[in-house]
Amino acid sequence: MYEGTKIIEWTEITHQAQTWSKPRRVILIRTAEASDFEEPYLSEEFLWEYQALVTNMKDSGDEVWRFYNHRASMENYIKESKNGFASDQVSGDDFYANFADL
């Protein structure tokens, strides 16, 4: 399926990790820019971005992807600001002083 200039393909599996009490639904998604396929490549597999989403939602895979899309990225940005810039360890209780410090 296409969304704008993106090609989106998905499938789903059921998987139970050893530490899980029950099997979970896993949506496997790959996306690529449609324009990347206009020129020949040695291997088109390098054009795809892959994602795996563990969910309890009953919607179709592409709807689950739209719901979760970019939410996980925000968690990485928060983690980067804490680990890379120590934003969770502000030195003062004044908003503007902390703002300047960050």
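Arginine 25 and glutamate 12 pair up through their side chains in a salt bridge, with N to O at 3.0 Å. That pairing ties together distant parts of the chain, since arginine 25 sits in strand S3 and glutamate 12 in strand S2, 13 residues apart. Keep in mind that this is a predicted model. In total, the structure holds four salt bridges, and three of them are walked through here, after a look at the overall layout.

**Overall layout**

- The protein has four strands and three helices.
- Going along the sequence, the order is β-β-β-β-α-α-α, so you meet the strands before the helices.
- Of the 102 residues, 18% are buried.
- Take the contacts with a separation of 6 or more: 41% of them are between residues 24 or more positions apart.
- The accessible surface is about 8200 Å², and carbon and sulfur atoms hold 52% of that.

**Salt bridges between strands S2 and S3**

- Back to the opening pair: arginine 25 is buried, at 15% relative accessible area, because the cut-off for buried is under 20%.
- Its partner, glutamate 12, is partly exposed, with 38% relative accessibility.
- Another salt bridge joins the side chains of glutamate 9 and arginine 30, at 2.8 Å from N to O.
- This one also connects distant parts of the chain: glutamate 9 belongs to strand S2 (residues 6-15) and arginine 30 to strand S3 (residues 24-33), with their positions 21 residues apart.
- Glutamate 9 is partly exposed at 34% relative accessibility, and arginine 30 is partly exposed too, at 22%.
- As a general point, side chains of opposite charge can pair when their charged atoms come close.

**Helix H1**

- Helix H1 covers residues 61-68, and its buried residues are Gly61, Asp62, Val64 and Trp65.
- Those four lie on the same side of H1, because they span an arc of only 160° around the axis.
- H1 has a salt bridge of its own: arginine 66 pairs with aspartate 62, and their closest N and O atoms are 3.5 Å apart.
- Why does the spacing of arginine 66 and aspartate 62 come to about one helical turn? They are four residues apart in helix H1, so about one turn separates them.
- Is aspartate 62 buried or exposed? Aspartate 62 counts as buried, at 13% relative accessibility, whereas arginine 66 is partly exposed at 36%.

Conventions
Residues are numbered from 1 along each chain as its sequence is written. This is a predicted model: local features need pLDDT of at least 70, side-chain atom pairs count only at pLDDT 80 or more; totals for chains, interfaces and linings use all residues. Side-chain values use heavy atoms; hydrogens and water are left out. Helices (H or I, at least four residues) and strands (E, at least two) are DSSP runs, numbered from the N terminus. Buried means under 20% relative accessible area, exposed over 50%, partly exposed in between (1.4 Å probe, protein chains only). Contact means heavy atoms within 4.5 Å. Accessible areas come from the Shrake-Rupley method with a 1.4 Å probe; for residues, only the protein chains shown count as cover. The arc is that of the directions from the helix axis to the C-beta atoms.
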